[in-house]
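This report covers one protein model, starting with a single loop residue and moving out to the whole chain. Please have the sequence and structure at hand.

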Amino acid sequence: MFSPPLSAQDTAESTNLNRQWLINGPSDLIDDTVDTVVADGDQDVLMESIVERLQKAEARLAELDSLDTDSLEKMVADSEAKSSDPPKPKSWFEKYRISGYTQFRINETLSEDSGSAPAQHVGDSSVGDDQGFIIRRARLVLQGDVTDRISLYFQPDFAANVPGSPDNNHFVQLRDWYSDLHFDKDKVYRIRVGQSKIPYGWENMQSSRNRLPLDRNDAFNSAVRNERDLGAFFYWTPQYAQDFFDYTLDEGLKGSGNYGVFGIGVYNGQGGSLREQNDNLHLVSRLTLPITFRSGQLMELGVQGYTGKYTVLSSAISPLGVGPTARPTGTLETGNVDGIRDERIGTSFVYYPQPFGFQSEWTVGRGPGLSEDQTAVNERALYGGYGMFIYRHQSECYGEVLPFARWSYFKGGYKTERNAPFSEINEFELGVEWQMTKNLEFVSMYTITDRTNTRAISTNDTLSYSQFDGDLLRFQLQVLY
């Protein structure tokens with residue numbers, strides 16, 4: 001039968017009775033209790049309860065009296081050993097967690113200037129004619145700690161396109177698969193081995209689930225295909241920096257994640273999910289300084305650089321749109337297996353939106369680029385970057401709103417595209433992200449662009465790589481889980 005809990009007064013009286021029993025013995029306690037019960041008119045019930053308690057106490061005392069000293073010591077030792085046993089190993093489902101996100105997009109070309117090339121965007125294949133809705137990304141992430149010193153991160157993308165198959169999509173392709181090997185339990189020093197993001201460019205390392213503009217800037221994104229590659233990297237991240245990077249993500253400040261205060265590593269160089277084409281490895285290094293002001297404002301300064309040789313893949317084009325098609329020299333298919341020198345250095349400045357924010361990155365270097373006459377791929381200079389203003393407005397009733405404006409520029413060879421077309425991109429974007437909930441975001445963006453169409457046209461007497469001048473209206477719905 002359910003018994004209601006004792007009141008504070010009942011508990012105090014019970015405690016007082018127990019003290020009397022310990023000091024004066026059961027007889028005095030019974031006498032005092034009887035007097036109380038007589039006053040309350042419930043003597044028989046209370047006497048039965050007291051007798052029952054005394055019988056239990058006597059039985060327990062008899063049990064303890066029957067034990068010798070060794071037995072008592074063993075009981076104490078067993079109790080202490082049980083309390084000091086190591087924790088039970090976690091089950092596999094307690095070690096790992098699953099998350100992900102999906103991005104649904106639609107783009108509309110509002111206008112094209114006279115003589116403009118067809119609309120095209122390297123970062124979004126749905127920009128152009130005869131396009132509709134697209135699943136831009138469909139990511140599923142499995143991550144966790146295998147042991148105290150080994151972590152795992154696995155991320156496939158279910159919305160990939162097969163190269164050379166323009167009418168098929170929604171294939172699965174590996175994006176990340178790496179392990180972090182930690183030298184210490186505080187995870188200050190670690191080595192990352194596998195396919196992961198290359199630490200070049202703050203926006204490149206920022207997850208697409210956190211980025212405000214729909215696509216990364218071309219100046220930095222052209223450095224590494226898919227922002228990832230196979231390699232090994234060393235990262236040093238002191239505890240204060242770990243807390244800084246975690247805070248920028250947890251508080252919705254659009255952080256880039258933990259890629260160390262200092263990082264250095266080697267990687268293939270051809271790009272994520274692409275087969276390596278030469279025997280040369282790329283070397284990359286990055287240094288970043290996270291700063292917290294007394295006001296609580298967060299800022300990050302960074303510098304990074306890489307060097308290596310890149311092998312350019314080719315496609316037949318008609319040079320300058322005159323005559324029959326041919327593959328440019330200096331590419332893999334025309335015998336240049338060793339590749340062309342590929343090196344850049346870049347700076348990063350991030351002033352986190354609290355509520356006003358600003359981001360800027362700039363890069364210079366040299367790399368593969370199609371010659372002026374479009375007959376050969378040579379080593380050419382490149383430069384570019386972006387600047388972006390952000391405002392963060394938080395509301396209790398309708399979520400968060402983050403308007404932003406970004407200008408970006410790039411001039412140089414787009415090495416990750418066939419023939420490394422020499423490109424010039426001058427673009428202005430105005431947009432707003434509405435975070436309705438933590439799991440649902442909507443972005444609308446207006447783009448004014450003047451960018452090189454990087455598609456190779458394998459048709460005689462047809463010019464490739466002319467400029468697309470026009471305006472785009474773009475929308476994205478992102479679901480996070």
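In this predicted model, Asn169 touches Ala160 and Asn161, residues up to four places away in sequence being left out of the count. Asn169 lies in the loop that connects β3 (150-160) to β4 (171-182). Phe158 is 11 residues from Asn169 along the chain, and the C-alpha atoms of the two are separated by 9.0 Å.

A second site concerns charge. Glu112, Asp113, Asp129 and Asp130 form a patch of negative charge on the surface. Of these, Glu112 belongs to strand β1 (residues 96-112).

The table sets out the accessibility of one residue from each site.

| Residue | Location | Relative accessibility | Class |
|---|---|---|---|
| Glu112 | strand β1 (residues 96-112) | 36% | partly exposed |
| Asn169 | loop between β3 (150-160) and β4 (171-182) | 39% | partly exposed |

Why does Glu112 count as partly exposed? Its relative accessibility is 36%, and the partly exposed class runs between the limit for buried, under 20%, and that for exposed, over 50%. Asn169 counts as partly exposed because its relative accessibility is 39%.

For the protein overall, there are eight helices and 17 strands. The chain has 481 residues, 44% of which count as buried. The accessible surface amounts to about 24,900 Å², and carbon and sulfur atoms account for 57% of that area. Considering contacts between residues at least 6 apart in sequence, 63% join residues at least 24 apart.

Technical notes: Residues are numbered from 1 along each chain as its sequence is written. This is a predicted model: local features need pLDDT of at least 70, side-chain atom pairs count only at pLDDT 80 or more; totals for chains, interfaces and linings use all residues. Side-chain values use heavy atoms; hydrogens and water are left out. Patches are made of residues with over 30% relative accessible area and no salt bridge: like charges are joined within 9 Å, nonpolar side chains (Val, Leu, Ile, Met, Phe, Trp, Tyr) within 5 Å. Accessible areas come from the Shrake-Rupley method with a 1.4 Å probe; for residues, only the protein chains shown count as cover. A salt bridge is a side-chain nitrogen of Lys or Arg within 4 Å of a carboxyl oxygen of Asp or Glu. Lys and Arg count as positive and Asp and Glu as negative; His and the chain ends are not counted. The place of a charge is taken as NZ of Lys, CZ of Arg, CG of Asp or CD of Glu. Helices (H or I, at least four residues) and strands (E, at least two) are DSSP runs, numbered from the N terminus. Buried means under 20% relative accessible area, exposed over 50%, partly exposed in between (1.4 Å probe, protein chains only). Contact means heavy atoms within 4.5 Å.
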